[in-house]
Amino acid sequence: MELEQELRAEYQQQLDDKQAAIDAALAEKAELQATIDKQLETIQELTGKASDTQKVEQRNRELHNRADNLQGEIAELKQRLKTLQKDLNAVREENKALNQFDPARMKKNLDASKKKLAEKQKDNESLQKALTESRKEQAVLERRVKELEAQVEGAGAETAEGEADERASEDQAA
């Protein structure tokens, strides 16, 4: 035992130094372990955030591609719309031209024209009859005038009075 105490006394300082170094190393190890745990926790958080970020970036790329595709489709649809509008205008013009020759309307116009023509023909016939009657009357009157002129030349003054009477009677007869 003495030997043990002597050795202890001799090496106690070294043992205490070694024990202090061990305690310091254990304390440092605990600090390092706490730092590692904290870093591990931060890494796990960042990994989660990174995967979320990757998901968001992937979704952004997909949405960007869809937007590009939709813009292309919109451009095509606009072009198609312009073409269809031109075609529609052409069809409208053609329809307008064809409506000018609408059979139902043309028949209606033809019927109206026929009625007007028939009325004008009736009017024309009545005027022709009146004209022929007036020409006959004029011819008759011209004959009478010639006859009366012949009688006036032959009869002289007496005839002049008779003519006046005859004219009055002709006027009454006419």
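Q: Patches are made of residues with over 30% relative accessible area and no salt bridge (a side-chain nitrogen of Lys or Arg within 4 Å of a carboxyl oxygen of Asp or Glu); like charges are joined within 9 Å, nonpolar side chains (Val, Leu, Ile, Met, Phe, Trp, Tyr) within 5 Å. Which residues make the nonpolar surface patch here?
A: In this predicted model, local features need pLDDT (the predictor's confidence, 0 to 100) of at least 70 and side-chain atom pairs 80 or more, while totals for chains, interfaces and linings use all residues. Numbering starts at 1 along each chain as its sequence is written, and side-chain values use heavy atoms, without hydrogens or water. Leu 3, Leu 7, Tyr 11 and Leu 15 make the patch, about 390 Å² (Shrake-Rupley, 1.4 Å probe, only the protein chains shown as cover for residues).

Q: Why is Leu 7 called partly exposed?
A: Its relative accessible area is 40%. Buried is under 20% and exposed over 50%, so 40% falls in between.

Q: What makes α1 a helix, and how does its span fit?
A: Helices are DSSP runs of H or I with at least four residues (strands: E, at least two), and α1 has 99. It reaches 140 Å, close to the 147 Å expected (1.5 Å times one less than its number of residues).

Q: Where is the kink in α1 centred?
A: On Tyr 11, with about 55° between axes fitted to the seven residues ending there and the seven starting there.

Q: Which helix has the lowest mean pLDDT?
A: Helix α3 (residues 157-173), at 60. The chain's mean is 86.

Technical notes: Buried means under 20% relative accessible area, exposed over 50%, partly exposed in between (1.4 Å probe, protein chains only).
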